[in-house]
Amino acid sequence: MDHDAIRAQFVDAHWATLVQRVDKAVMPIADELWSNEMLGWESYCEIKAADTNQKRMRVLHGVLHSGGNAVKSDFYSGLEKHASFLLRDLSTNPPTAVDPDAVAKSLDGYKMWIQREYEFVTEYNSLPGEHVLLSERYIQPLIIMRHREKKERTEELCFMGESFQQLISSENNAEKENNVLDALFSADSKGICPGAVILQGNSGKGKSVTAQKIMLDWASGSLSRENYDCVFHLKCKELNQISEEQSLVEILSINSNLTPDQILQILQMSPKRVLVLIDGFDELIVSFGDASNKLTANDVYKKAPPEASLTALLKGCLLPESFLLVTTRSTATDTLGGLLKKPQRFTEIIGFSEREVEEYFQKFFQDEELFRNAYESVKANETLFTACSSPVICWIICTVIRERFNDGTDVTSGLETTTSIYVDFVFTLLEHHCQGLSESVPTLLKSLGQLAERGMMERQVLFDEKSAKKTVSDPSGSPFLGKFLFKKRTRQETMFSFMHLSFQEFFTALYYISLDEKEFLSKLTERFHSHWQSYGVQYLDKNCPLKYGCPELHFLPVVQFLCGLCNKEVSDSLKETHNVSVPPSVQAQLEEWILFISSNRDYNLLPFVLLCLYELHEKDFVQKAVEAWQEMDMSWDSLNRTDCWALVYCLECCPKFRSLNLNFAAEELKMLQSVLCRTPELELTLQNLTDTHVTDLISALGEGKRLGELRLNSSGLSDESMKRILHALHKQKTVGGLQIAVKNITADTALILTDFIQNTEKWEEISLRVSAGCNDAESLCSSLRLFNTDGNLVLNVLRWCSSPQNVPSLSEIILQYPRSEMSSINLKNFLQAFHDINCLTEERAGFDQQVDSLLSHLSSVSGLNAINLSAPLLTEKWASRILFLIQSCKSLKGLSFNAGSWSSDDVTWLPGRLPEEGLRLLKESPKHPQCLDAVNPQTAALIRLSSLKNLTATRE
């Protein structure tokens with residue numbers, strides 16, 4: 001290779017660096033090139049007219065490229081004369097030429113390095129050398145692709161449990177089937193793909209681990225689309241440590257195994273296929289000035305203050321064709337939005353829905369039984385399950401449960417309290433997400449508590465910027481607050497909030513325990529008596545001011561957290577770390593109030609008291625409080641999972657409990673089974689019972705109980721399930737009543753029921769009804785009820801009117817006869833006859849035969865003393881049959897007829913008609929003329945026969 005060619009190769013290999021570093025030498029070199037006739041006048045003027053040296057070098061590049069090796073060699077001579085220091089530097093550290101094979105080799109090595117470095121995660125409590133696979137922890141969170149309205153924010157902050165899960169699952173989420181990068185950079189409805197994406201999320205929502213997963217997916221080739229030749233990861237925590245000027249390629253090399261020169265070659269070869277991932281923008285402690293304006297697209301090798309290089313990258317001054325993904329807490333989103341290049345997209349991590357929480361627990365434990373026990377215990381706690389939308393909360397809970405398991409503790413015995421988990425969460429964020437706080441931790445916690453309390457008193461979860469700053473000096477710097485921008489007419493409105501209302505309630509409780517004892521008790525007393533302040537002072541017990549009060553409804557969760565903070569383990573932890581705890585005298589006041597409510601058996605507050613006892617988690621006191629009840633009636637409303645979980649814990653502390661009256665969903669049977677089994681007196685209302693729950697129900701009932709009522713509201717039980725339930729009732733001491741919703745009332749149903757009533761004397765009432773949604777037409781009747789009254793058995797059979805076009809011929813029949821004669825009626829045949837009548841109308845052939853069949857059943861019932869019939873019309877045929885019954889049933893003491901039918905809701909009565917013909921036949925009947933007392937038929941609602949108790953006809 002000749003002398004010129006060697007020099008030309010050097011210029012080509014180092015050109016990117018030369019553009020950045022030749023600087024002031026460019027014009028002297030251009031002057032010499034022009035004087036040596038290597039540069040034309042027009043090109044020389046264009047170079048001279050450029051406003052920066054980098055632009056002059058770019059113009060010169062075209063001349064060198066067209067002039068060949070001779071011009072490049074002359075340019076090299078100019079470097080020797082005017083930039084000898086630069087030549088020596090480049091000769092000492094010569095970069096390799098931009099060789100695609102060399103770049104590919106560098107990228108392969110980089111990808112292998114990423115796979116090694118990013119395959120594992122170090123958890124908050126990891127000891128040196130401990131790590132877990134990212135694949136064992138990462139679950140893709142829900143990501144929405146838009147800003148939300150104030151109403152949506154408020155609902156998300158306030159909703160709990162199932163309502164909360166339904167809300168976040170219904171959001172406009174990125175498709176989880178796609179890789180997260182594909183979703184974030186996908187084209188919008190107008191076909192525009194963003195060049196920069198903001199990924200916002202509160203502390204602990206999974207922003208950093210999502211960034212790590214993106215890096216690993218790219219390095220391992222798991223992305224569904226190969227849009228990026230290279231992905232760089234900048235961690236803002238690390239950028240804060242840079243104290244000297246560095247070029248962009250040097251900054252990009254910090255978190256990689258690539259050298260700045262290798263990165264430069266990659267950028268030269270694929271400037272349009274590079275993604276830069278900037279994680280934790282809110283953690284940057286640098287100021288963003290105008291220094292970035294001095295950097296241009298090719299200044300990637302130019303040293304500058306790190307904030308200048310980063311700002312130029314964000315604005316698109318450096319690497320303008322690259323893609324940017326920036327994660328940040330909401331408190332810095334507005335600043336980032338103003339810096340970031342266009343077109344940009346806003347996205348937000350909202351965390352885990354129920355499905356992701358379940359997946360996380362399954363991955364964490366990798367043991368089906370342990371996973372299932374852990375997940376179900378968390379799902380039972382409505383507050384904790386809502387908080388599990390935060391992956392950090394999931395990790396804390398799973399870590400606590402695993403520790404209990406490793407210590408040999410029964411995982412199914414219950415989770416830690418909600419308060420203890422929230423305390424762990426606060427400690428975790430304070431330790432790992434609070435770098436660079438402008439105030440001490442105690443000051444921060446107290447100011448947050450003051451803001452939280454004001455929100456509780458004013459019933460608000462969103463705080464405007466001015467009011468937030470009244471108590472929190474730097475709300476944007478707090479990891480416990482979120483910052484949101486909303487449109488308000490022609491301007492923007494900045495609002496702050498806690499992560500969820502439950503955290504606002506927790507910080508209120510935390511604030512109270514930081515107060516001196518007198519002020520703490522004063523605030524509590526005010527909250528317990530605020531609804532009757534005008535006259536309540538005279539009833540205050542000076543020794544126990546909480547005693548006769550009741551917390552405001554919205555303040556109840558704060559009291560729960562206060563009880564949780566009274567727990568010895570939690571209190572000791574707070575005392576050790578932050579020197580705060582609940583004053584003993586205040587704890588005594590709370591406990592005295594709980595005992596007062598228990599001793600007075602205030603059932604309205606019972607579920608709340610159980611939740612307080614669960615949070616307190618002091619076994620001896622819980623036993624003392626629960627023993628004061630002995631009988632618990634919580635049947636007026638269905639208990640949620642959290643209520644059931646608290647009930648189980650409290651009754652485990654008090655094993656000798658006498659009576660329970662509960663209303664709950666059938667899926668809670670497993671949870672409540674141990675408690676129900678050992679309680680001698682039960683009254684239960686079960687919601688949404690299915691055939692799959694029957695085994696759990698039978699196990700819960702056990703044997704030898706005094707069962708007051710058993711109400712089984714279901715989607716429809718099968719005959720087999722009903723048979724099993726009735727068999728279980730055989731084993732009880734007494735059965736007050738049984739109500740079951742079934743799929744159909746069939747001939748087999750009648751046989752099963754007959755067997756039970758003839759072989760069991762301990763029941764008082766049995767009621768069957770076809771469940772809503774089941775095909776009522778296939779059933780022998782819509783409902784069937786049997787009950788005892790004064791030694792008589794009453795049988796009530798009903799067919800609902802499903803529509804005006806489907807009015808039953810015989811809507812209802814009620815029979816009363818001695819219980820001792822219960823075997824005299826064949827229930828199966830009787831129901832079949834009732835069904836057959838309703839399959840026909842009076843005009844249809846065979847109707848009279850079916851009616852006669854039913855009446856023959858009635859005539860054969862020994863001791864039949866009362867009949868009630870309901871049909872749409874009192875026709876002559878029905879009148880004649882009423883007379884037949886009067887004549888043939890000698891024991892009959894009462895008969896009534898109602899014109900009308902019941903609607904399918906079993907509540908609404910649909911009146912029928914009483915034509916004159918039917919009434920006339922009854923009045924003029926020669927069969928018992930001496931006993932007929934007729935009233936004016938135009939106004940009569942009742943016709944009486946002296947030999948009978950009554951014959952009632954309801955007029956239209």
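The exercises below, each with a worked solution, concern a predicted model of a single chain.

**Exercise 1. Describe the make-up of the chain: how many helices and strands does the chain have, and what share of its residues is buried?**

Solution. Begin with the secondary structure: there are 40 helices and 26 strands. Next take burial: of the 956 residues in the chain, 54% are buried. Last, consider the contacts with a separation of 6 or more: residues 24 or more positions apart account for 70% of them.

**Exercise 2. Work out the strand order of the six-stranded sheet and state which strands are its edges.**

Solution. The six strands form an open sheet in the order S3-S8-S4-S7-S6-S5, and the pairing is mixed. The edges are S3 and strand S5 (230–235), each of which pairs on one side only. From one strand to the next, the twist averages 20 degrees.

Now look at one pair inside this order. Strand S6 (residues 274–279) and strand S7 (residues 323–328) run parallel and are joined by four bridges. Within the pair, Leu277 is opposite Leu325 in S7. Finally, add the helix: H15 (residues 306–315) lies across S5, S6 and S7, at about 125 degrees to S6.

**Exercise 3. Do the same for the three-stranded sheet, and find which helix packs on it.**

Solution. This open sheet has the order S9-S11-S10 with antiparallel pairing. Strand S9 (463–464) and strand S10 (481–488) are the edge strands, each pairing on one side only. S10 is joined by eight bridges to strand S11 (residues 491–498), and the two run antiparallel. In register terms, Lys483 stands opposite Phe496 in S11. The helix that packs on the sheet is H8 (residues 150–158), which touches S10 and S11 and whose direction makes about 0 degrees with that of S11.

**Exercise 4. Classify the ring pair Tyr375 and Phe385, and state which helices the pair ties together.**

Solution. A pair of aromatic rings is described by the distance of the centres and the angle of the planes. The structure holds 35 aromatic pairs. For Tyr375 and Phe385, the ring centres are 6.0 Å apart and the planes are at 75 degrees. An angle over 60 degrees counts as edge-to-face, so the pair of Tyr375 and Phe385 is edge-to-face.

Then place the two residues. Tyr375 is in helix H18 (residues 368–379) and Phe385 in helix H19 (residues 382–387), so the pair ties together parts 10 residues apart in sequence. For burial, the cut-off is under 20% relative accessible area. Tyr375, at 2%, therefore counts as buried, and so does Phe385, at 3%.

**Exercise 5. Where are charged ends placed over tryptophan rings, and at what distance from the ring centre?**

Solution. One case is Lys111, which lies over the face of Trp218 at 5.0 Å from the ring centre. Another is Arg819: its charged end sits over the ring of Trp763, 4.9 Å from the centre.

**Exercise 6. Determine whether Arg137 is buried or exposed, and list its contacts.**

Solution. First locate the residue: Arg137 is in the loop between strand S2 (132–133) and strand S3 (142–144). Its relative accessibility is 8%, so Arg137 counts as buried. Leaving aside neighbours within four places in sequence, Arg137 is in contact with Val121, Glu123, Val132, Tyr360, Lys363, Phe364, Trp395 and Arg402.

**Exercise 7. Which residues have the most contacts inside the largest nonpolar core?**

Solution. The largest nonpolar core has 198 residues, and those with the most contacts inside it are Phe361 and Met632. Beyond four places in sequence, the residues touched by Met632 include Tyr603, Leu606, Leu610, Phe657 and Asn661. A separate core of 71 residues lies apart from the largest one, with Tyr138, Ile143, Ala196 and Ile214 among its members.

**Exercise 8. Compare the settings of His617 and Asp790, for which phi is positive.**

Solution. For His617, phi is near 55 degrees. The residue lies in the loop between helix H30 (606–616) and helix H31 (619–627). At 28% relative accessibility, His617 counts as partly exposed.

For Asp790, phi is near 50 degrees. Its loop is between strand S18 (783–789) and strand S19 (792–798). With a relative accessible area of 78%, Asp790 is exposed.

Notes. Residues are numbered from 1 along each chain as its sequence is written. This is a predicted model: local features need pLDDT of at least 70, side-chain atom pairs count only at pLDDT 80 or more; totals for chains, interfaces and linings use all residues. Side-chain values use heavy atoms; hydrogens and water are left out. Buried means under 20% relative accessible area, exposed over 50%, partly exposed in between (1.4 Å probe, protein chains only). Contact means heavy atoms within 4.5 Å. Rings of Phe, Tyr and Trp (its six-membered ring) pair if their centres lie within 6.5 Å; planes under 30 degrees apart count as stacked, over 60 as edge-to-face and the rest as tilted. A charge sits over a ring if NZ of Lys or CZ of Arg is within 6 Å of the ring centre and within 35 degrees of the ring normal. Two strands pair if DSSP finds at least two bridges between them. Axes are lines fitted to C-alpha atoms, for helices over the stretch in contact, and angles run from 0 to 180 degrees between N-to-C directions. A nonpolar core is a set of buried Ala, Val, Leu, Ile, Met, Phe, Trp, Tyr and Cys residues joined through side-chain atoms within 4.5 Å.
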